[in-house]
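This report sets out how the helices of one protein chain are arranged and which charged side chains pair within it. The sequence and the structure are shown first.

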Amino acid sequence: MDSLTARITPGHVTRFARIGALLIAFALTAGYVTDRLTLELAGVGALFLAVLTLLALPSQRSSELLGALAIWLTYAEFMAAIQSGHFALWRWAVVLATLSLVIVPIKVQHLRQLARSNPYRPLGELDRRVWTVVPEPTVAYAPAAISSDLDPDRAAAGA
């Protein structure tokens, strides 16, 4: 068991994914700037960028990461349109469709995990972003002395 795959850790994968995501982001940026990014290259680049970004940032939520990528790629498309004078609608649509295809298996896997843990619990109760209610303190607060007079010298003198 002295193969390379036996020694690779998730930390190594994360580091390599960060480098790869940066390289692909630079390549996509160069493609947008030079207006040489074809429909196919945009889709493949978005797919690899999405997968590597998800691997590079494991502690972030996948939907937020892919949403940020969608915003960045939309911004890049608009910047390319400002420079070239035309908006490549199909290229933009392919990029966004590719990002949506990346998130579908992630959401399906999450639903499968929920179905295994408790199949009859309503999905509305499983939202991870639900605000928690802070319990009321058990110790009463001391009343604060509030003076309606704005002049501190007059308030100190008691007048």
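In what hand of crossing, left-handed or right-handed, does H2 pass H4? The crossing of H2 past H4 is right-handed. The contact is made on the H2 side by Ala25, Leu28, Thr29, Tyr32 and Val33, and on the H4 side by Trp72, Leu73, Ala76, Glu77, Ala80 and Gln83. By residue class, this contact of H2 with H4 holds eight nonpolar, two polar and one charged residue. The model described here is predicted.

**Overall architecture**

The protein chain contains six helices and zero strands, and its elements follow the order α-α-α-α-α-α from the N terminus. The chain has 159 residues, of which 24% count as buried. Among contacts in the chain with a separation of 6 or more, 66% come from residues 24 or more positions apart.

**Helix packing**

Two packed helices are described by the angle between their axes and the distance between the axes. For H2 and H4, the packing angle is about 25 degrees and the axes lie 9 Å apart. Angles under 35 degrees count as roughly parallel, and H2 and H4 are therefore roughly parallel to each other.

H4 also packs against H5, at an angle of about 175 degrees and with the axes 10 Å apart. Angles over 145 degrees count as roughly antiparallel, and H4 and H5 are therefore roughly antiparallel to each other. On the H4 side, this contact involves Ser62, Ser63, Leu66, Leu69, Ala70, Leu73, Thr74, Glu77 and Ala80. These residues meet Arg91, Trp92, Val95, Leu96, Leu99, Val102, Ile103, Ile106 and Lys107 of H5. The contact of H4 with H5 divides into 12 nonpolar, three polar and three charged residues.

Leu73, Glu77 and Ala80 of H4 are among the residues in the contact with H2, and Leu73, Glu77 and Ala80 are also among those that meet H5.

**Salt bridges**

Side chains of opposite charge can pair when their charged atoms come close. How many salt bridges does a search of the whole structure find? The search finds three, and they are set out below.

| Basic residue | Acidic residue | N to O distance |
|---|---|---|
| Arg91 | Asp35 | 3.8 Å |
| Arg61 | Glu64 | 3.8 Å |
| Arg91 | Glu77 | 2.7 Å |

Arg91 and Glu77 form a salt bridge with an N to O distance of 2.7 Å. Arg91 lies in helix H5 and Glu77 in helix H4 (residues 62-84), so this pair ties together parts that are 14 residues apart in sequence. Both Arg91 and Glu77 are buried, and the relative accessible area of Arg91 is 6%.

Arg91 also meets Asp35 in a salt bridge, at 3.8 Å from N to O. Here Arg91 belongs to helix H5 (residues 89-117), while Asp35 lies in the loop between helix H2 (10-34) and helix H3 (39-56), so the pair ties together parts that are 56 residues apart in sequence. In contrast to the buried Arg91, Asp35 is partly exposed, with a relative accessible area of 36%. Asp35, Glu77 and Arg91 are thus linked in a network of salt bridges.

The backbone of Asp35 also deserves a remark. Phi of Asp35 is near 60 degrees, which is a positive value in a residue other than glycine.

In the salt bridge between Arg61 and Glu64, the closest N and O atoms are 3.8 Å apart. Arg61 is partly exposed at a relative accessible area of 26%, and Glu64 is likewise partly exposed, at 40%.

**The surroundings of Ala56**

Is Ala56 of helix H3 buried or exposed? Ala56 counts as buried, with a relative accessibility of 4%. When neighbours within four places in sequence are left aside, Ala56 is in contact with Thr14, Ala17 and Arg18. Ala56 and Leu22 are 34 residues apart in sequence, and their C-alpha atoms are 9.9 Å apart in space.

Notes: Residues are numbered from 1 along each chain as its sequence is written. This is a predicted model: local features need pLDDT of at least 70, side-chain atom pairs count only at pLDDT 80 or more; totals for chains, interfaces and linings use all residues. Side-chain values use heavy atoms; hydrogens and water are left out. A salt bridge is a side-chain nitrogen of Lys or Arg within 4 Å of a carboxyl oxygen of Asp or Glu. Helices (H or I, at least four residues) and strands (E, at least two) are DSSP runs, numbered from the N terminus. Buried means under 20% relative accessible area, exposed over 50%, partly exposed in between (1.4 Å probe, protein chains only). Axes are lines fitted to C-alpha atoms, for helices over the stretch in contact, and angles run from 0 to 180 degrees between N-to-C directions. Angles under 35 degrees count as roughly parallel, over 145 as roughly antiparallel, 65 to 115 as roughly perpendicular and the rest as oblique. A crossing is left-handed if the near helix is turned anticlockwise from the far one by less than a right angle, and right-handed if clockwise. Contact means heavy atoms within 4.5 Å. Ala, Val, Leu, Ile, Met, Phe, Trp, Tyr, Cys and Pro count as nonpolar, Asp, Glu, Lys and Arg as charged, and the others, Gly among them, as polar.
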